Amino acid sequence: MKIPEQDMYRLIRQIMKDVDAGRRIPEIAVRHHIDEGFTEQVCRMYLTHPGVDVDGILDRMERKNIL
């Protein structure tokens with residue numbers, strides 16, 4: 001996925017808000033017109049790393065070559 005960094009920051013922040021609102025992965029993916037696998041990766045990082053912020057998720061994704 002090639003998304004500009006500023007847009008990626010905004011997208012991950014929105015995914016985090018959707019998770020907090022109780023939305024499911026397929027719903028989040030459709031809502032933001034993104035791949036369900038990518039959505040799952042972001043959600044997993046957000047839910048398994050308490051206190052992680054957008055920068056932390058971006059950093060982990062870069063280290064795992066997901067971006």
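The buried residues of helix α3 pack against three other helices, namely α1 (5-20), α2 (25-32) and α4 (54-63); contact here means heavy atoms within 4.5 Å. Helices are DSSP runs of H or I with at least four residues, numbered from the N terminus. The model is a predicted one, in which local features need pLDDT of at least 70 and side-chain atom pairs count only at pLDDT 80 or more, whereas totals for chains, interfaces and linings use all residues. Residues are numbered from 1 along each chain as its sequence is written, and side-chain values use heavy atoms, with hydrogens and water left out.

Helix α3 itself makes a convenient starting point. Its 13 residues (36-48) should span 18 Å at 1.5 Å a residue, and the end C-alpha atoms are indeed 18 Å apart, which agrees; the expected span is 1.5 Å times one less than the number of residues. Phe38, Thr39, Val42, Cys43, Met45 and Tyr46 are buried in this helix, where buried means under 20% relative accessible area, exposed over 50%, and partly exposed in between, with a 1.4 Å probe and protein chains only. Viewed down the axis of α3, these buried residues fall within an arc of 160°, so they line one face of the helix; the arc is that of the directions from the helix axis to the C-beta atoms. Leu47 and Thr48, on the other side of α3, are exposed.

Asp35 takes part in two contacts with residues of this helix. At the start of α3, a side-chain oxygen of Asp35 comes to within 3.0 Å of the backbone nitrogen of Gly37. The backbone oxygen of Asp35, in turn, lies 2.9 Å from a polar side-chain atom of Thr39. Both are polar contacts, that is, pairs of N or O atoms within 3.5 Å; within protein, one must be able to donate a hydrogen and the other to accept it, and residues adjacent in sequence count only if both atoms are side-chain atoms. Thr39 counts as buried because its relative accessible area is 0%. Beyond its neighbours within four places in sequence, Thr39 touches Ile25, Ile28, Ala29 and Ile34.

In soluble globular proteins, nonpolar side chains tend to be buried together. A nonpolar core is taken as a set of buried Ala, Val, Leu, Ile, Met, Phe, Trp, Tyr and Cys residues joined through side-chain atoms within 4.5 Å. The largest such core here has 18 residues, and those with the most contacts inside it are Ile12, Ile15, Phe38, Val42, Ile57 and Met61. Helices α1, α3 and α4 each give two or more residues to this core, with α1 giving the most, six residues. Val42 touches Ile12, Ile15, Ile57 and Met61, not counting residues up to four places away in sequence.

Helix α4 has Val54, Gly56, Ile57, Leu58 and Met61 as its buried residues, and these pack against α1 and α3. Gly56 counts as buried because its relative accessibility is 15%. Just after α4, Asn65 takes a positive phi of about 55°.

Two further residues round off the picture. Asp18 lies in α1 and counts as buried because its relative accessibility is 3%; leaving aside neighbours within four places in sequence, Asp18 is in contact with Arg23, Ile28, Arg31 and His32. His33, by contrast, sits in the loop between α2 and α3 and is exposed, at 73% relative accessible area. Although His33 is not a glycine, its phi is positive, at about 55°.
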